[in-house]
Amino acid sequence: MVTREQAFKLLTDNVKNDNLVRHCLAVEASMRALANYFHEDEESWGIAGLLHDADWEVTRDAPEEHAKKVVEWLEDLDLGDETINKAILAHNHFHNGHNPPQNTMEWALFCCDELTGLIVATTLVMPSKKLDDVAVENVMNKFGSKSFAAAIDREQIQMCETELDIPIEEFVGIVLDAMKAKSEELGL
Ligand SMILES: [Fe+2]
Ligand SMILES: [Fe+2]
């Protein structure tokens with residue numbers, strides 16, 4: 001399996017936009033927290049989160065390729081791991097034709113991906129622009145305000161309830177706490 005160090009290098013070799021690197025770090029942190037919540041393997045969950053958008057810049061004009069390239073790169077490096085590959089592929093199944101998420105790890109990635117974006121957007125409208133000042137309630141207010149960060153798919157986040165059996169407020173709390181613990185790396 002790819003190490004965290006190898007994964008981070010693959011990410012930063014291919015992603016030039018700092019905000020996108022930070023997004024991947026936020027999803028990594030969230031996946032690690034969710035792996036612990038489910039008593040699953042933190043390392044593979046975290047790496048899937050870290051790498052899920054590593055090909056975003058090179059597939060910008062070809063969304064049907066997004067996530068597939070990451071898996072190709074891992075395979076070329078002989079670092080492919082089926083569990084990680086499938087989770088990465090499933091997060092973009094709407095566009096790349098892969099199966100929708102099939103297990104807890106895959107659903108966790110699918111649901112937390114959008115939520116990290118909503119948390120960042122919520123943080124940026126706080127007076128301090130600091131994660132430390134964001135409460136679950138702030139995120140839930142923005143969750144309910146459909147015109148706020150309208151591109152963020154609320155339904156995808158809310159699937160935590162049916163697919164992960166985690167109530168939405170609790171899910172927001174887990175992801176928010178995971179991001180707070182990495183606030184410096186996230187620049188928030
Ligand atoms: Fe993506
Ligand atoms: Fe993402």
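Here is a short back-and-forth on how the labels attached to this predicted model are earned.

The model is predicted, so local features need pLDDT of at least 70 and side-chain atom pairs count only at pLDDT 80 or more, while totals for chains, interfaces and linings use all residues. Residues are numbered from 1 along each chain as its sequence is written, chains are lettered from A and ligands numbered from 1 in the order in which they are written, and side-chain values use heavy atoms, with hydrogens and water left out.

Q: What makes the pattern of the protein α-α-α-α-α-α-α-α-α-α-α?
A: Helices (H or I, at least four residues) and strands (E, at least two) are DSSP runs, numbered from the N terminus. By that count the protein has 11 helices and 0 strands, and the pattern read along the sequence is α-α-α-α-α-α-α-α-α-α-α.

Q: Why is the protein called as compact as a globular protein of its length?
A: The radius of gyration is taken over C-alpha atoms, and the globule rule is 2.2 Å times the number of residues to the power 0.38. For 188 residues the rule gives 16 Å and the protein comes in at 15 Å, which is close, so the label fits. As for the box, the C-alpha atoms fill roughly 45 × 35 × 30 Å along the principal axes.

Q: Why is Thr 116 called buried?
A: Buried means under 20% relative accessible area, exposed over 50%, partly exposed in between (1.4 Å probe, protein chains only). Thr 116 has 1% relative accessibility, so it counts as buried. This residue lies in helix H7 (residues 104-124).

Q: What does Thr 116 touch, not counting residues up to four places away in sequence?
A: Contact means heavy atoms within 4.5 Å. On that basis Thr 116 touches His 23, Ala 26, Val 27, Ser 30, Val 175 and Met 179.

Q: How do you know that Met 140 is buried?
A: Its relative accessible area is 18%, and the cut-off is under 20%, so Met 140 makes the grade. Met 140 sits in helix H8 (residues 136-144) and, leaving aside neighbours within four places in sequence, is in contact with Ile 168, Glu 169 and Val 172.

Q: What makes Lys 129 partly exposed?
A: Its relative accessible area is 46%, which falls between the two cut-offs, so Lys 129 is partly exposed. Lys 129 is in the loop between H7 and H8, and its phi is near 55 degrees, a positive value in a residue other than glycine.

Q: Which phi does Ala 67 have, and is the residue buried or exposed?
A: Ala 67 has a positive phi of about 90 degrees although it is not a glycine. Most residues other than glycine have a negative phi. Ala 67 is in the loop between H3 and H4 and, at 0% relative accessibility, counts as buried.

Q: What makes Asp 53, His 66 and His 91 donors of the iron ion (ligand 1)?
A: Donors are N, O and S atoms within 2.8 Å of the metal (3.2 Å for Na, K and Ca); water is not among the atoms, so sites may look incomplete. Asp 53 (OD), His 66 (NE2) and His 91 (NE2) coordinate this iron ion at 2.1 to 2.2 Å, so they pass. Asp 53 also bridges to the iron ion (ligand 2), with the two ions 3.9 Å apart. Asp 53 is buried at 6%, as is His 66 at 7%.

Q: How do you know that Cys 160 is in no disulfide?
A: A disulfide is a pair of cysteine sulfur atoms within 2.5 Å. The structure holds 0 disulfides. For Cys 160 the nearest cysteine sulfur, that of Cys 111, is 5.9 Å away. Cys 160 is buried, with 0% relative accessibility.

Q: Why is H3 called mostly covered?
A: Of its 10 residues, 8 are buried; among them are Trp 45, Ile 47 and Leu 51. What covers the buried residues includes helix H1 (4-14), helix H2 (18-37), H4, helix H5 (82-91) and H7.

Q: Which residues have the most contacts inside the largest nonpolar core?
A: A nonpolar core is a set of buried Ala, Val, Leu, Ile, Met, Phe, Trp, Tyr and Cys residues joined through side-chain atoms within 4.5 Å. The largest has 62 residues, and Leu 51, Ile 88, Leu 115 and Phe 171 have the most contacts inside it. H7 supplies the largest share, 11 residues.
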